[in-house]
Amino acid sequence: MTSAEQQEHMEPTGLASPSAGTVDPPKVNDYDSFAEAYSAENETSLVNAYYERPTMLALAGDVAGRRVLDAGCGSGPLSAALRDRGALVSGFDASSGMLELARRRLGGGADLRVADLGSPLPYPDDTFDDVVASLVLHYLEDWGPALAELRRVLKPGGRLIASVEHPFAIHLMHCLAGREADHSYFDTTNWTEEWHIGGQTPLMSIWHRPLHAMVEAFTGAGFRITVISEPDPDPAARELFPDEIAAKPRFLCFLFFVLQAD
């Protein structure tokens, strides 16, 4: 799948530009404005519910009794699944609207906080056994501060389990749209696109970086890569999405990493 097919199973309309003149540019990545619609789509879509989330859980493995931080937890579906498997879960997100949905899902006693990935996080050093970062790093231009903070809050030997947009899928999207001259695979580049979701068209600003740049960022932050995964969809997807799976039983969509804090 290209990004146009993959991103939370929503349809982007292509690159968007701010209005000319003195009008303020529209806000990007404003999850508060479409939190309910995003959460509903994320709950059942092919790429989230039957591709990305099952893979994150499989990579996490047995989490019973482990302290897990859900970085960019959104409305909490991954947090809930990890808690159901016995993990002691904390979570943060930049969107207060998404966190409100997460609190409804997880209960008022859940440790959920408003925080920005890339800024200092409100947790002591060496707090967590695992951090899960589900489809959040590709919103950042510079991964360095975010990875340094995630490394700080992990115990020695702890794991960072991360999913990101597959860099070749993004490159293919740009090639198909005739934008490869401005968006080389080998460069870290930004683009803004419109999603169609719940009758709304939010603007999303996303950063592409090539695989070598991801590896350099991870290792530079003190992580050792133990797994890189390009998985199959969950077997249940064959019955729920027969046309899509018949057309593309395997597809490039997201890329998954398991990293150990050495």
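## Exercises on helix packing and a mixed sheet

Helix α2 (residues 35-44) packs against helix α3 (residues 46-60) at an angle of about 55°, and their axes lie 4 Å apart. The model used in these exercises is predicted.

**Exercise 1.** Classify the angle between α2 and α3, and then describe which residues make the contact and what their character is.

*Solution.* Begin with the angle of about 55°; angles under 35 degrees count as roughly parallel and 65 to 115 as roughly perpendicular, so α2 is oblique to α3. Next, the crossing in which α2 passes α3 is right-handed. On the α2 side the contact is made by Asn-42, Glu-43 and Thr-44, while α3 contributes Leu-46, Asn-48, Ala-49, Tyr-50 and Arg-53. Sorted by character, the residues of this contact are three nonpolar, three polar and two charged.

**Exercise 2.** Work out the order of the strands in the open sheet, and explain why β4 and β9 each have one side without a neighbour.

*Solution.* The seven strands follow the order β4-β3-β2-β5-β6-β10-β9, with mixed pairing. Because β4 (111-114) and β9 stand at the edges with a single partner strand each, one side of each has no neighbour in the sheet. On average, neighbouring strands are turned by 20° against each other, direction ignored. Within the sheet, β6 and β10 run antiparallel and are joined by seven bridges.

**Exercise 3.** Locate helix α6 relative to the strands and list its buried residues.

*Solution.* Helix α6 lies across β2, β5, β6, β9 and β10, and runs at about 145° to β6. Its buried residues are Ala-146, Leu-147, Glu-149, Leu-150, Arg-151 and Val-153, and what covers them includes α8 (211-220) as well as β2, β5, β6, β9 and β10.

Technical notes: Residues numbered from 1 in each chain as written. Predicted model: local features only at pLDDT ≥ 70, side-chain atom pairs only at ≥ 80, totals over all residues. Heavy atoms only, no water. Axes fitted to C-alpha atoms, helices over the stretch in contact; angles between N-to-C directions. Helix = DSSP H or I, 4+ residues; strand = E, 2+ residues; numbered from the N terminus. Parallel < 35°, antiparallel > 145°, perpendicular 65-115°, else oblique. Left-handed = near helix turned anticlockwise from the far one by under 90°. Contact = heavy atoms within 4.5 Å. Nonpolar A, V, L, I, M, F, W, Y, C, P; charged D, E, K, R; others polar. Buried < 20%, exposed > 50% of the residue type's maximum accessible area, 1.4 Å probe, protein only. Pairing = 2+ DSSP bridges.
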